[in-house]
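Take a moment with the sequence and the model below. We will follow one helix, then look at what lies beside it.

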Amino acid sequence: MTTEQSIYEQIGGTPAITLVVSHFYKLVLADDALKDKFDSVDLERLKKRQVEFFAAVLGGPDPYTGASMKNVHQHLGVTTEQFGLVAGHLTAALLAAGVSQATTGEIICGIGQLADDIVTG
């Protein structure tokens, strides 16, 4: 009997997700259309939460314990354009980490389903 690996396992677990998140935030913070959203954010805390979130939604062993995406983003005024930019940076970070095009597409598709909770502007 074979057990199908979760995306979490396929991409290398928490260590790989940590690298992706680190690269992702470098890209986001270098983007003039996005960097202002992070002016008053504890970036290290945010990165830890992001790693926890991605690990959980990609099939990792531990649950996500943070606030809902809706609660976290409701006051930020994120636009559809900004959401698209973030998705693009996440795509770039995943591909740079060696995640396959197919798996990256699957992850981005899943993130796209969160747009209604994140886009408020």
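The buried residues of helix α2 pack against three helices: α1 (7-11), α3 (43-57) and α5 (80-96). This is a predicted model, and α2 is a good place to begin reading it.

Start with the length of the helix. Helix α2 covers residues 13-29, which makes 17 residues. At 1.5 Å a residue, α2 should span 24 Å. The C-alpha atoms at its ends are 24 Å apart, so the expected span and the model agree.

Now turn to its sides. Which residues of α2 are buried? They are Gly13, Ala16, Ile17, Val20, Val21, Phe24, Tyr25 and Val28. These residues cover an arc of only 165 degrees around the axis, which means that they sit on the same side of α2. The face turned away from that buried side carries Pro15, Leu19 and Lys26, and these are exposed.

Look next at glycine 13, which lies in α2. Buried means under 20% relative accessible area. Glycine 13 has a relative accessibility of 6%, so it counts as buried. Follow the chain from there to glycine 60. The two glycines are 47 residues apart in sequence. In space, their C-alpha atoms are 7.2 Å apart.

Move on to helix α5, where histidine 89 has its place. Is histidine 89 buried or exposed? Its relative accessible area is 17%, so histidine 89 is buried. Leaving aside residues up to four places away in sequence, histidine 89 touches Phe24, Leu27, Val28, Asp31 and Leu34. Two of these names, Phe24 and Val28, also appear among the buried residues of α2.

Last comes the space inside. How many cavities of 30 Å³ or more does the structure hold? It holds 1. About 50 Å³ of space lies in the largest cavity. Its lining is made of Ile11, Ile17, Val20, Val21, Phe54, Leu58, Leu90, Leu94 and Ile107. The elements that give two or more residues to this lining are α2 and α5. Helix α2 supplies the largest share, with 3 residues. What classes of residue line the largest cavity? The lining has 9 nonpolar residues, no polar ones and no charged ones.

Return to α2 with that in mind. Ile17, Val20 and Val21 are buried in this helix, and they also belong to the lining of the largest cavity.

Terms used. Residues are numbered from 1 along each chain as its sequence is written. This is a predicted model: local features need pLDDT of at least 70, side-chain atom pairs count only at pLDDT 80 or more; totals for chains, interfaces and linings use all residues. Side-chain values use heavy atoms; hydrogens and water are left out. Helices (H or I, at least four residues) and strands (E, at least two) are DSSP runs, numbered from the N terminus. The expected span of a helix is 1.5 Å times one less than its number of residues. Buried means under 20% relative accessible area, exposed over 50%, partly exposed in between (1.4 Å probe, protein chains only). The arc is that of the directions from the helix axis to the C-beta atoms. Contact means heavy atoms within 4.5 Å. On a 1 Å grid over the protein atoms alone, a cavity is a set of points where a 1.4 Å probe fits but cannot get out, and a pocket is an open set with protein on both sides within 12 Å along at least five of seven lines; lining residues have an atom within 4 Å of a point. Grid points are joined across faces, edges and corners, and a volume is the space filled by probe spheres set on the points. Ala, Val, Leu, Ile, Met, Phe, Trp, Tyr, Cys and Pro count as nonpolar, Asp, Glu, Lys and Arg as charged, and the others, Gly among them, as polar.
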